[in-house]
Amino acid sequence: MSDYPGYLATYAAVAAIIGVGVVLAAGMLGVNRLFRPALTDPVKLLTYESGVDPVGSGWAQSNVRYYVYAFLYVIFAVDAVFLFPWAVVFAEIGWAAAIEMAVFLGFIAVGLVYAWRKGVLSWT
């Protein structure tokens, strides 16, 4: 036995909450299965995007520029995710962390210069 008498009671409360959640989720899925239509309309099985009926084949080529824009967005989003918390705690972490952040921003800058030199950032 443990020294704390209510130790297992905390686990029982967590298990009860998880059990109630599982029962509620299974109940909602079961009620949905009972009330759904048994026969679906063939029109509902068609592939569509944004409510537009499909025309032609499903194969289409995309310009690689869109992927590069998405990649640049991810780079700058990750940059923001690291930079803002770092700025908040800068006083506590010292100058070694400032040098590490400068190296990180240097890598980001190299990627930005590369994209700029390749002409990716031009909107023509």
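From the N terminus on, the elements of the protein chain follow the order α-α-α. The chain, examined here as a predicted model, contains 3 helices and 0 strands. Of its 124 residues, 6% are buried. The accessible surface amounts to about 11300 Å², and carbon and sulfur atoms account for 71% of that area.

Helix α2 spans residues 64-88, and Asp79 is one of its residues. The side chain of Asp79 is buried yet takes part in no salt bridge. Arg117, the nearest side chain of opposite charge, is 20 Å away from Asp79, whereas a salt bridge requires a side-chain nitrogen of Lys or Arg within 4 Å of a carboxyl oxygen of Asp or Glu. When neighbours within four places in sequence are left aside, the contacts of Asp79 are with Phe104, Leu105 and Ile108.

Phe76 is also placed in helix α2. With a relative accessible area of 35%, Phe76 is classed as partly exposed, because this class lies between the limits of 20% for buried and 50% for exposed residues. Apart from neighbours within four places in sequence, Phe76 is in contact with Ile108 and Leu112. Phe76 and Leu112 are 36 residues apart along the chain, and a distance of 9.6 Å separates their C-alpha atoms. Ile108 thus appears among the contacts of Phe76 and among those of Asp79.

A nonpolar patch of about 500 Å² is found on the surface, made by Tyr73, Val74, Val78, Val81 and Phe82. Val81, a residue of helix α2, is exposed, with a relative accessible area of 55%. Phe82, another member of the patch, is partly exposed at a relative accessible area of 46%.

Aromatic side chains were examined next. The count of aromatic pairs comes to 3. Phe82 and Phe104 form one such pair, with an edge-to-face arrangement; the ring centres are 5.5 Å apart and the planes stand at 85 degrees to each other. Phe82 belongs to helix α2 and Phe104 to helix α3, which covers residues 90-117, so the pair ties together parts that are 22 residues apart in sequence. Phe104 has a relative accessibility of 22% and therefore counts as partly exposed. The rings of Phe90 and Trp95 likewise have a centre-to-centre distance of 5.5 Å, and their planes lie at 90 degrees, so this pair is edge-to-face. An angle over 60 degrees is what places a pair in that class. Phe90 is partly exposed, with a relative accessible area of 28%, while Trp95 is exposed, with a value of 66%.

Ring pairs further link Phe90 and Trp95 with Trp86 into a cluster. Trp86 and Ala97 lie 11 residues apart along the chain, and their C-alpha atoms are separated by 8.6 Å. Ala97 is located in helix α3. The relative accessible area of Ala97 is 15%, and this residue is therefore buried, as the value falls under 20%.

Note on methods:
Residues are numbered from 1 along each chain as its sequence is written. This is a predicted model: local features need pLDDT of at least 70, side-chain atom pairs count only at pLDDT 80 or more; totals for chains, interfaces and linings use all residues. Side-chain values use heavy atoms; hydrogens and water are left out. Helices (H or I, at least four residues) and strands (E, at least two) are DSSP runs, numbered from the N terminus. Buried means under 20% relative accessible area, exposed over 50%, partly exposed in between (1.4 Å probe, protein chains only). Lys and Arg count as positive and Asp and Glu as negative; His and the chain ends are not counted. Contact means heavy atoms within 4.5 Å. Patches are made of residues with over 30% relative accessible area and no salt bridge: like charges are joined within 9 Å, nonpolar side chains (Val, Leu, Ile, Met, Phe, Trp, Tyr) within 5 Å. Accessible areas come from the Shrake-Rupley method with a 1.4 Å probe; for residues, only the protein chains shown count as cover. Rings of Phe, Tyr and Trp (its six-membered ring) pair if their centres lie within 6.5 Å; planes under 30 degrees apart count as stacked, over 60 as edge-to-face and the rest as tilted.
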